[in-house]
Amino acid sequence: MSFISEFFKNKSEVGAVAPSSKFLGKKMYGGIDFSEVNCIVEFGPGTGVFTKEILKRLKPSACMIIFETNPSFYEKLKQDIDDPRALILNESAEKIGEYLKNQNQEKADFIISSLPLTVFPKELKENILKGAVDNLSKDGQYIQFQYSLNAHKLLKENFSSVKLAFSLINMPPAFVYKCSL
Ligand SMILES: C[S@@+](CC[C@H](N)C(=O)[O-])C[C@H]1O[C@@H](n2cnc3c(N)ncnc32)[C@H](O)[C@@H]1O
């Protein structure tokens, strides 16, 4: 299964032609103190480049809830990741509240999102961000990468603080938004 073929099957779902680099990954999860994390959520793991690194850092008692809508990526994740802390779902990120509740988790400490917000319909991105805001712990962060600054305004409307970083070593280079309530 190749990332680029999934992109050509559904551009507005996949939103990228290649998996992200480790450099971008470090900008996404590198600042997290994993000793304090009980529950982390990932939106749009694709082939799992961030997922596998996050699981290496996550403490044994913590959980990770992973939302991936693309069936081929979902199957690959299920094949590659055999970890009792990881709940891999072939579901949309909009369902975060439902699955946190199922797992007896009140809130997510962090939400790591690779979703291509820019190409999503308005209603879908609004629902996803509302779900993120409603289900993020008060000291938590929603961390999102995008290839442009298009999502900046929308993220600022939903979060009280949005800090920007940039990763040049990625194809294409990407902006990382770190959003707090
Ligand atoms: C830009 S790719 C990022 C993949 C990977 N995280 C990376 O950085 O290489 C976006 C991913 O989001 C997934 N996706 C799109 N819409 C989604 C949704 N509503 N809920 C969950 N995942 C979704 C796509 O299938 C794709 O795997």
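## Ala108 and the nonpolar core

Not counting residues up to four places away in sequence, Ala108 touches Cys39, Ile40, Val41, Leu100, Asn135, Leu136, Ser137 and Gly140. The model in which these contacts are found is a predicted one. Ala108 belongs to the largest nonpolar core, a set of 41 residues, and together with Ile40, Ile111 and Ile112 it is one of the residues that touch the most other members of that core.

## Overall build

The protein contains eight helices and seven strands. Its radius of gyration is 15 Å, close to the 16 Å that the globule rule gives for 181 residues, and the protein is therefore as compact as a globular protein of that length. Taken along the principal axes, the box filled by the C-alpha atoms is roughly 40 × 35 × 30 Å.

Of the 181 residues, 38% count as buried. When contacts between residues at least 6 apart in sequence are considered, 67% of them join residues at least 24 apart.

## Strands β2 and β3 with helix α5

Strand β2, which spans residues 63–67, runs parallel to β3 and is joined to it by four bridges; Ile66 has Ile88 as its bridge partner in β3. With helix α5, residues 71–80, these two strands make a right-handed β-α-β unit.

Strand β3 itself, residues 86–89, has two faces that differ in their cover, for Ala86 and Ile88 are on the covered face, whereas Leu87 and Leu89 are on the uncovered one. Ile88, the bridge partner of Ile66, thus belongs to the covered face of the strand.

## Helix α4 and what covers it

Helix α4, residues 49–57, has Phe50, Thr51 and Ile54 as its buried residues. Seen down the helix axis, these buried residues fall within an arc of 100°, so they line one face of α4. The elements that cover them include α3 (22–29), β1 (39–43), β2, α5 and β4 (108–113).

## Phe145 and Ser114

Phe145 lies in strand β5, residues 136–146, and it counts as buried because it has 26 C-beta neighbours inside 10 Å. Leaving aside neighbours within four places in sequence, Phe145 is in contact with Leu24, Met28, Ser114, Ala174, Phe175 and Val176.

Ser114, one of these contacts of Phe145, lies in the loop between β4 and α7 (122–134). Although placed in a loop, Ser114 is buried, with 25 other C-beta atoms within 10 Å. Its contacts, again without neighbours up to four places away in sequence, are Ser20, Phe43, Gly44, Gly46 and Phe145. The C-alpha atoms of Ser114 and Ser148, which are 34 residues apart along the chain, are separated by 13 Å.

## Backbone features in two loops

Asn104 lies in the loop between α6 (96–102) and β4, and it has a positive phi of about 55° although it is not a glycine. Asn104 is exposed, because 8 other C-beta atoms lie within 10 Å and the cut-off for an exposed residue is 12 or fewer. The C-alpha atoms of Asn104 and Phe145, which are 41 residues apart along the chain, are separated by 28 Å.

The other feature concerns Met171 and Pro172, which are joined by a cis peptide bond with an omega of about -10°. Pro172 lies in the loop between β6 (161–167) and β7 (174–180).

Notes. Residues numbered from 1 in each chain as written. Predicted model: local features only at pLDDT ≥ 70, side-chain atom pairs only at ≥ 80, totals over all residues. Buried ≥ 20, exposed ≤ 12 C-beta atoms within 10 Å, placed from the backbone. Pairing = 2+ DSSP bridges. Right-handed = clockwise from strand over helix to strand, strands pointing away. Rg over C-alpha atoms; globule rule 2.2 N^0.38 Å. Contact = placed C-beta atoms within 7 Å. Arc of directions from axis to C-beta. Core = buried A, V, L, I, M, F, W, Y, C linked by C-beta atoms within 7 Å.
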